[in-house]
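Reader: Hi! I'm a first-year student, and I'd like a close look at the hollow spaces inside this protein. Could you walk me through them?

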Amino acid sequence: MVEPEDDGTGTAGAASLVLVLVGLGPRGAGLLERLVSNAAVLDRGPVEVHLVDPFPPGPGRVWRDDQSELLRLNTTAEDLTAFVDASVTMDGPVTSGPTLFAWCRSEGAELPDAALVAEAAALGPLDFPSRRLASAYLAAAFDRAVARAPAGMTITSHAQRAVDVVRSDAGGRDRVVLDDGATLLADAVVLLTSHVDVAPAPPYAALAAFADDHGLTYLPPAYGGDLDLGPVGAGEDVLVRGFGLGFVDLMILLTEGRGGKFLTDPTDDDGARLRYEPSGAEPRLLVGSRRGVPYHAKPMYRLQAPRPAATTFCTPGAVTALLEQGRPITFLRDLWPLVGREVTWAYYLELAQGHPGRVRVPWPQFAATFADLEWGSAGYAQWIATVVPDPADRLDLAALDRPLRDRQVADRAELARLVRSYVRADLARRQDVAFSADLGAFHALLAVLPVLGPALASPQMDPRSLVQEFLGWFMGFFSFYASGPPPDRLEQLLALEEAGVVAFLGGGLEISTDPDRGAFVARSTTVPGEVRARTLVDATLPAFDLGRTEDPLLAALAARGEAVGQVLTAADGERLETGQLAVDPAHRLRRADGSSASRRFALGMHTTVKSAAFARPASNGPVHRHNDQVARTLLALAPLPDPPPIDDPTAAPGGPGGQ
Ligand SMILES: Cc1cc2nc3c(=O)[nH]c(=O)nc-3n(C[C@H](O)[C@H](O)[C@H](O)COP(=O)(O)OP(=O)(O)OC[C@H]3O[C@@H](n4cnc5c(N)ncnc54)[C@H](O)[C@@H]3O)c2cc1C
């Protein structure tokens, strides 16, 4: 239920529409850009925009300049853009701008920092920039939006944390309370606060308590730029759980960040193989995970055939048809066949059209048979084996998901050989354009996510399947296949392993505690035995959970029932709490009573209507569509009257729900 919109009466003395954006990372800056661009073409009265973030607006906390220059993006310079383009289906105007790569070409020489000037000058379109360079780009994109504000729009930044949003029982504007006690009156408030601090979930809290009790070191999930690695001593063994991007940040901060050097010696027998020269200040990282191998390196080539303009099997029409059947939907039974078929189709399309000699039949014939056969059936597998002769050219998603093939090896030396050869094979494949079919699959994985949106958000979606099959399994597989590190990070991993600074623990990793010997213990299903250490790092990003948030604003709203975490009820009545900030389809905050606050919005990765903060150029990214939709909703609001002054006894803040 949405409260009736204000009808615009009673606005005497409140000529300006006052909007408060809380959180000015990439998402907040993207919304600001849409506000500026839409206000320039919509005929509306004066607008005051207040921006609240303790970190610099544009980059925000994750992309702040003040972080190690060693930390990098896992997005290429040509793929990162802060701007909308003509591909975006939206009502607002297109005001395009440069990708990070194009911006470095045009503005890089003007950067105030010599290291960034040098990086920008050397940057290629397929390079992975430092987060500091991205910070400068995002700050410039923000400045550009502010500079384009039309007459009648004022934009004011407050380098403060918002700690509460309160309303008066007498109605009128909300009061946004800042860290320093100041308040901002607001006709509407938007929370754009994706990556806030959360208290460790119970299993992590238990490990932290164990570490405290036994004088051990435990680092729970954290953001790479915020890691305090001081307690991790030189030479000590460190168990690391997680082999994704969190591990890559940790690995580089504890090695190159401690004075070690990566060197190539072209006179080596091995050619230009990377070697690591330790500084002596590194710990020894013993890393494992569920799969036991790092995420796939990002592909370093472009498609050889034209990229499909739209999906073929996992289409909006197919999802609508599924919904129209009116029955419960589960991910693995109903959606995965669409996704798997689409990804496989895109893979073979690139293989057949980009590398025609590798498929025995012409593409039209391949396409017709593929469409006729049931994807994944025995008949399909037999046919693929005949028309794609080289097994290395066949896409097997199930095998990709189990990279060590459930192998059990005799000892750690064999495990090291196994993981090394896996990583080398991945590196070779992701850097050789002969395997550009992998990029076809990669693009299809990105393309299906927005298509699935209506099914995932539908009441027909089985809650347990959503949590376990989609969020639990599929998104993990997605990250593993499509959101891995730059290839040179895996070269560095191999060099560190060779230097004895990194060792592998295997797959099926289980961490336990040994109170008698005061140690953390790691066991893996890949190799017999166990490894003990006095330090454990959970190298993953903290998962947002409203119930555990340490953000004062979200905590205050949740405590009063003015914000709620998503709760799904399974068919058998079991309640599944995802912890995600519940918003309605218009991005309005849901309250504990099930209603929506008409003038409080939330956008970001912590909400139930997710869209990644960055979209690739020319991809009609959901983030831009959502930002445009919310910007236009905000600009259509009528100003409210000011609430009574706070010392007015009839104006007690904190009524039953926000506007
Ligand atoms: C370490 C890390 C690396 C990443 N690397 C990549 C990458 O290479 N490529 C990629 O595409 N994506 C990457 N991502 C994904 C990431 O989600 C986005 O890049 C992006 O940062 C999300 O933007 P956002 O604005 O939604 O949230 P955030 O970047 O989290 O910004 C939220 C802002 O809200 C502010 N805030 C929070 N609470 C309050 C409050 N109470 N009052 C005022 N302000 C508040 C914070 O200070 C922050 O500046 C990465 C994420 C992380 C955490």
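Author: Sure, here is a walk through the cavities, with a pocket and the packed cores for context.

Before we start, this is a predicted model, where local features need pLDDT of at least 70, side-chain atom pairs count only at pLDDT 80 or more, and totals for chains, interfaces and linings use all residues. Residues are numbered from 1 along each chain as its sequence is written, and side-chain values use heavy atoms, with hydrogens and water left out.

First, the whole chain. It has 17 helices and 21 strands (DSSP runs numbered from the N terminus: H or I of at least four residues for helices, E of at least two for strands). The radius of gyration is 26 Å, close to the 26 Å that the globule rule gives for 659 residues, so the chain is as compact as a globular protein of that length (the radius is taken over C-alpha atoms, and the rule is 2.2 Å times the number of residues to the power 0.38). Buried residues make up 53% of the 659, where buried means under 20% relative accessible area with a 1.4 Å probe, counting protein chains only.

Now the hollows. On a 1 Å grid over the protein atoms alone, a cavity is a set of points where a 1.4 Å probe fits but cannot get out, and lining residues have an atom within 4 Å of a point. Points are joined across faces, edges and corners, and a volume is the space filled by probe spheres set on them. By this rule there are six cavities of 30 Å³ or more.

The largest cavity has a volume of about 210 Å³. Of the 20 residues lining it, P26, A29, G30, A82 and F83 are the closest to its centre. Two or more lining residues come from each of α1 (26–41), α4 (131–147) and α17 (622–635), and α1 gives the largest share, six residues. Sorted by class, this lining has 12 nonpolar, five polar and three charged residues (Ala, Val, Leu, Ile, Met, Phe, Trp, Tyr, Cys and Pro count as nonpolar, Asp, Glu, Lys and Arg as charged, and the others, Gly among them, as polar).

The second largest cavity has a volume of about 70 Å³. Its lining includes L219, P220, D249 and V537. Helix α6 (245–253) and strand β17 (535–538) each supply at least two lining residues, with the largest share, three, coming from α6.

For an open space, try the second largest pocket, with a volume of about 540 Å³. A pocket is an open set of points with protein on both sides within 12 Å along at least five of seven lines. Of its 22 lining residues, H296, L400, R405, Y422 and R429 are the closest to the centre. The largest share of that lining, six residues, comes from α12, and the classes come to 13 nonpolar, one polar and eight charged.

Finally, the packed parts. A nonpolar core is a set of buried Ala, Val, Leu, Ile, Met, Phe, Trp, Tyr and Cys residues joined through side-chain atoms within 4.5 Å. The largest one has 98 residues, of which F247, L335, Y348, F366 and L493 touch the most other members. Helix α8 (residues 331–354) gives the most to this core, with 13 residues. A second, separate core of 25 residues includes A39, A188, L634 and L637.

Definitions and conventions
Buried means under 20% relative accessible area, exposed over 50%, partly exposed in between (1.4 Å probe, protein chains only).
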